[in-house]
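Colleague: I have the model open on my screen and would love a close look at one part of it. Could you walk me through the charged side chains that pair up, and then whatever sits around them?

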Amino acid sequence: MGEKLVVVGQGYVGLPLAMRAVGAGFDVVGIDLDEWRVKRLNAAESYVEDVGDDLLAAAHRSGRYRASADYADAEAFDVCVITVPTPLREGVPDLRHIGSAGRSLAPLVRRGATVILESTTYPGTTEEYLRPLLEEGSGLQSPEDFFLGYSPERIDPGNSLWRLENTPKVVSGIDETSLRRIRTFYGRIVQEVVPVSSLQVAELCKLLENTFRHVNIALVNELSIFAQQLGIDVWEAIDAASTKPFGYLRFTPGPGVGGHCLPIDPSYLSWKVKRSLGHNFRFVELANDINDHMPEHVVHRVGLALNRLRKPVNGSRVLALGLAYKKNAGDCRESPAIDVVRGLRKLGADVRAADPHVDCFLLPEGVEVVTFSEWELAAADVVLILTDHDRFDYELVQRASAFVLDTRNRCGGPNVERL
């Protein structure tokens, strides 16, 4: 038998890692407390876009993968990777899933085992929060008895170019021996491993990556609002600026930010700075304010467009294209598209939504899902492009729709208005 790997959390981070590890020769147990997920995984039915049913079925045929909701199946692990969610609760980091995983794993930790946290969190979490839980529940000490590290996930759902295996992996350990163990483990999974000197550096690295994106998206979002009011095409300006080969990175406006990272991770950093240093992280707070209000701005733009058409929002039919937080993915967590739909419904609009990637039963109540079709396009007073999935026929959108508000710059024509 090969080394036993336990991956706690079988979502868009944990499941691809589990599949990649099976291919590398590990015996993998995927722990997830969601019984529905476990049932689907063991039936070789994937709910993660980057893991096809065929890959999952092949993992089962190899005899090296199974999913379970019972931590007892994690017994005698050699390596465990924790990939659980870390949401915010009333603006404060919510580590209950890490805590639950740590307490459940602790009695199973053996001498020589390795535990790695991948969940995004503030600097200090691995050493100051997870380590004591594991030590108390196991009676062992790290790094003397077991190895501990942190490696930020860099999964980009729906990205066919940059996948788990060819995206450089930042790794860290509580000491040099832990770092060597963790570097060797990921060296079997990915093509390039990037070691850093401490757990805190690796934890900060993840927050820096997403805060960088968050701040720059806020910049272009606010710029798009003012450019529209000034009568300037912000998309043309962005295209022109993107020709500069140095000193500029392309970011584009949209209806807001979503997913598990951008609406949350920068706030982890802001919270840590405030708690530890007593200072406000003003860039993050400003970016939060701008990005959080983009769905409201989109609703306002729909109202202005309908007003020009001499129609009230109340009773008008709006077809929203895309509910996921990003293109070609089915993840609708924290999706600004959901907030836009709710805002329009609150004003009395008759809102229908089409998304070929999102499972309908994962959507909040009140979102009426329809199939993308020429009939639905023609029946709408406004077609609102919120998530620019490639599976939408944008030529048909432009041709069949009376009016289109495009927040993603996918359509053109006299009946199209861009964000």
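Modeller: Happy to! Let's start with Arg410, whose side chain meets that of Asp390 in a salt bridge, 3.4 Å from N to O. Keep in mind that this is a predicted model. The two partners come from distant parts of the chain, 20 residues apart: Arg410 belongs to the loop between E15 and E16, and Asp390 to the loop between E14 and H14. With a relative accessible area of 44%, Asp390 is partly exposed. Shared partners extend the picture, since salt bridges join Lys327, Asp388, Asp390 and Arg410 into one network.

Within that network, Arg410 also forms a salt bridge with Asp388, at 3.6 Å from N to O. Here the separation along the chain is 22 residues, with Asp388 in the loop between strand E14 (382-385) and helix H14 (394-400), and Arg410 in the loop between strand E15 (404-406) and strand E16 (416-418). Which of these two is buried, and which is partly exposed? Asp388 has a relative accessibility of 11%, so it counts as buried. Arg410, at 29%, counts as partly exposed.

Another pair to click on is Arg317 with Glu376, whose side chains form a salt bridge of 3.1 Å, N to O. Arg317 is in strand E11 (residues 317-321) and Glu376 is in helix H13, so this pair ties together parts that lie 59 residues apart in sequence. Both Arg317 and Glu376 are buried. Helix H13 (residues 374-379) also holds Ala379. The C-alpha atom of Ala379 is 7.6 Å from that of Arg317, although 62 residues separate them along the chain. Ala379 counts as partly exposed because its relative accessibility is 28%. For the whole model, the count comes to 26 salt bridges.

For a contact between helices, turn to H7 (residues 199-230) and H10 (residues 282-292), whose axes come within 9 Å and cross at roughly 50°. That angle makes H7 oblique to H10. The crossing of H7 past H10 is left-handed. On the H7 side, the contact is made by Thr211, His214, Val215, Ile217, Ala218, Asn221 and Glu222, while H10 brings Phe283, Val284, Ala287, Asn288, Ile290 and Asn291. Sorted by class, this contact of H7 with H10 has seven nonpolar, five polar and one charged residues.

Definitions and conventions
Residues are numbered from 1 along each chain as its sequence is written. This is a predicted model: local features need pLDDT of at least 70, side-chain atom pairs count only at pLDDT 80 or more; totals for chains, interfaces and linings use all residues. Side-chain values use heavy atoms; hydrogens and water are left out. Axes are lines fitted to C-alpha atoms, for helices over the stretch in contact, and angles run from 0 to 180 degrees between N-to-C directions. Helices (H or I, at least four residues) and strands (E, at least two) are DSSP runs, numbered from the N terminus. Angles under 35 degrees count as roughly parallel, over 145 as roughly antiparallel, 65 to 115 as roughly perpendicular and the rest as oblique. A crossing is left-handed if the near helix is turned anticlockwise from the far one by less than a right angle, and right-handed if clockwise. Contact means heavy atoms within 4.5 Å. Ala, Val, Leu, Ile, Met, Phe, Trp, Tyr, Cys and Pro count as nonpolar, Asp, Glu, Lys and Arg as charged, and the others, Gly among them, as polar. Buried means under 20% relative accessible area, exposed over 50%, partly exposed in between (1.4 Å probe, protein chains only). A salt bridge is a side-chain nitrogen of Lys or Arg within 4 Å of a carboxyl oxygen of Asp or Glu.
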